[in-house]
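Here's a quick walk through a few spots worth a look. Have the viewer open as you read.

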Amino acid sequence: MVFWFIMIIMGTSFFSGEAFAIFINEADLNPSGNDNSNTTIEWVELYSEEQFNLDGYYLETLSGKIRNLSGSFSGYFVFESSRWLRNTNEKVMLKDSSGEVLSETEIIEEETGNDFKGWSKCGSDWIFVELSYGNENLCGSQNNQQSNNQGQQNQQQNNKHYSKKEKFF
């Protein structure tokens, strides 16, 4: 009986760890604009229902490019940077300070000319849809049609603030 009690306590603390509290939710590898420009902002969106401290966590690409994260958030957090994601054969991983992968995309790619579309986590799948930038993903076809312009409006609104955000080169 004591054995089962200890196993329940250990299992509860294991499964309530931060590793299960955050995940990569959306990614835009190829936003509108010139890929060689420092003003073209690629982004990855994280999601956590709980308040989450990003200090010590980082994003890493398949090619080994690393972007350190910091600050706290709950809900949606959009990390922006220029010229760090490849348009083809790319994968983004969220890692903790020990290098453990907490969340990752599939290997994804974006063709040119697909403004305001990107990769969204929909259930257990990654699908190429209109982006929602800081809002609930547009996974369903009906939802995608009804909210077709929401991601465009959100990204255009945030384009005004890109020059004020820190950029990583």
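## The disulfide

Start with handedness: the link between cysteine 122 and cysteine 139 is left-handed, with -85° about the S-S bond. Keep in mind that this is a predicted model. The two sulfur atoms sit 2.0 Å apart, and a search of the whole structure turns up 1 disulfide.

What does the pair tie together? Cysteine 122 belongs to strand E8 (residues 117–122), while cysteine 139 is in the loop between strand E9 (125–130) and helix H2 (141–146), so the bond joins parts that are 17 residues apart in sequence. As for exposure, cysteine 122 is buried, at a relative accessible area of 14%. Cysteine 139 comes out as partly exposed, with 31% relative accessibility.

## Strand E1 and its partners

Now to strand E1 (residues 23–28): 5 of its 6 residues are buried, so the rest of the structure largely encloses this strand.

Which strands does E1 pair with? One of them is strand E2 (residues 41–53), antiparallel over 5 bridges; here phenylalanine 23 has tyrosine 47 of E2 as its bridge partner. E8 also pairs with E1 in the antiparallel sense, over 2 bridges, and alanine 27 is matched with tryptophan 119 of E8. E8 is also the strand that holds cysteine 122.

## A loop serine

Finally, look at serine 97, in the loop between strand E6 (92–95) and strand E7 (101–104). With 67% relative accessibility, serine 97 is exposed; the cut-off is over 50%, so it qualifies. Its C-alpha atom is 5.6 Å from that of tyrosine 57, although 40 residues separate the two along the chain.

Key
Residues are numbered from 1 along each chain as its sequence is written. This is a predicted model: local features need pLDDT of at least 70, side-chain atom pairs count only at pLDDT 80 or more; totals for chains, interfaces and linings use all residues. Side-chain values use heavy atoms; hydrogens and water are left out. A disulfide is a pair of cysteine sulfur atoms within 2.5 Å. Helices (H or I, at least four residues) and strands (E, at least two) are DSSP runs, numbered from the N terminus. Buried means under 20% relative accessible area, exposed over 50%, partly exposed in between (1.4 Å probe, protein chains only). Two strands pair if DSSP finds at least two bridges between them.
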